[in-house]
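Thanks for sharing this one. Here are my notes on its disulfides, one buried serine and its empty spaces, as numbered points.

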Amino acid sequence: MRRCARAVAVVGAAAATGLAGITVPAQAAENYGQYSMFGKRRAGQHWSGGQVGGQWAWKPLSSTTSEISWGDPKKWPPSYAEKFVRSGDWLMLDGWRDNGTYYKLRVTKEQIGDVNCKNLKTFATSGPQHYVKWTIPSTGYCLKAWGTITEQSSGKVVDFGHTQIWYPPASCSNRYLGKQTCIKQWESWWDNNGSPGKPIKRKLDRDQYIARGQGMAFKIHQFYPKTWNSEAKSYWNW
C-alpha cells in the first residue's frame, strides 16, 4: 500500500507542475546476450562443496553462431560443445559435438505457453530447437520441444523431450559474488538414449541462474537424478 501511495503522490506532483504531458522514453528491453554473454569469448567456473564443480566457455564461430563447452577444468578443453545460432528473435540449439562426431538436433513439435506451461500453442514442427527468446519478455514463458538427435557418424537416432520455463530478470545472489540480477531457466530433459524405440525417460531436472554481465551458471540447483548445487566463483574473458 505504501508503494501505491508513493506512485499516486508522484503522479500528482507531476500534474501539478505541468509535467504530466511529457512522454518518458520506454526503457529498452534487455536481451539474452547481456546475461549469457553469448557472442563473447567468456568463461566461468562454478563451485560445489568447496571445490570446482565445473567450467564453461563460449567460443564465437561467427556473428550469429557460438559454441559453449562444459567440463572439468583439469581436462580442458573438453570434446563436448553445444552449438547455438541466433535467428531473428530466437536463439536456436542446432546440436552438439562430442566423441569425435556431431549430434544434430531436430524438432518434430514445439509449443509455447505461459509461465505455468498452460495455454500451449504449437509453433514449429521442424528445424533446430527454439531454445530461448533473444529479447527478454517482462513475463515468464514455457517452451516444450520433442524431436530427434542423430549421431552423424553412425546415423543412430535418439528421441528427446525438453521442457523449459524462462523467468524475467530478478535479484539473485551467491556466496562468492554477492548480489546480481539474473534470469532463471528451469528445465527438464527426457530421452531414450540406450533404448532406441522405447519411450523417453526423465534424465535431468534443474534450475540455472544466468547473471547479467557475468554469464552462465551463476547458480545451479539440480533436483534430478540427484540433488546437487553449485555457485559461480569466477568469470573471465579469454
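1. A word on residue classes before the pockets come up: Ala, Val, Leu, Ile, Met, Phe, Trp, Tyr, Cys and Pro count as nonpolar, Asp, Glu, Lys and Arg as charged, and the others, Gly among them, as polar. With that split, the lining of the second largest pocket has eight nonpolar, two polar and three charged residues.

2. Some ground rules, since this is a predicted model: local features need pLDDT of at least 70 and side-chain atom pairs count only at pLDDT 80 or more, while totals for chains, interfaces and linings use all residues. Residues are numbered from 1 along each chain as its sequence is written, and side-chain values use heavy atoms, with hydrogens and water left out.

3. Two disulfides (pairs of cysteine sulfur atoms within 2.5 Å) turn up in a search of the whole structure. One of them joins C117 to C142, with an S to S distance of 2.1 Å. The torsion about this S-S bond is about 90 degrees, so the disulfide is right-handed. C117 sits in the loop between β6 (101-114) and β7 (121-124) and C142 in strand β9 (residues 141-151), so the pair ties together parts that are 25 residues apart in sequence. Strands here are DSSP runs (E, at least two residues), numbered from the N terminus. Both C117 and C142 are buried, meaning under 20% relative accessible area with a 1.4 Å probe, protein chains only.

4. C172 and C182 form a disulfide too, with their sulfur atoms 2.0 Å apart. Its S-S torsion is 70 degrees, and the link is right-handed. C172 belongs to strand β10 (residues 157-174) and C182 to strand β11 (residues 178-191), ten residues apart. C172 is buried at 6% relative accessibility, and C182 is buried at 3%. Counting bonded cysteines along the chain, the pattern is 1-2, 3-4.

5. Have a look at S66 in strand β3 (residues 65-71). S66 counts as buried, at 1% relative accessibility. Leaving aside neighbours within four places in sequence, S66 is in contact (heavy atoms within 4.5 Å) with residues including F38, W58, P60, E82 and F84.

6. How are the empty spaces defined? On a 1 Å grid over the protein atoms alone, a cavity is a set of points where a 1.4 Å probe fits but cannot get out; a pocket is an open set with protein on both sides within 12 Å along at least five of seven lines; lining residues have an atom within 4 Å of a point. Points are joined across faces, edges and corners, and a volume is the space filled by probe spheres set on them.

7. The structure holds one cavity of 30 Å³ or more, and the largest cavity has about 60 Å³ of space. Its lining includes Y32, V132, W166 and I183. β10 gives the largest share, three residues. Nine lining residues are nonpolar, two polar and one charged.

8. The largest pocket has a volume of about 860 Å³. It is lined by 29 residues, and Y80, E82, W96, W189 and L204 are the closest to its centre. The lining divides into 17 nonpolar, five polar and seven charged residues.

9. Which residues are the closest to the centre of the second largest pocket? They are A57, S69, W76, P77 and W238, out of 13 that line it. This pocket has about 160 Å³ of space, and β2 (51-60) supplies the largest share of its lining, four residues.

Definitions and conventions
Buried < 20%, exposed > 50% of the residue type's maximum accessible area, 1.4 Å probe, protein only.
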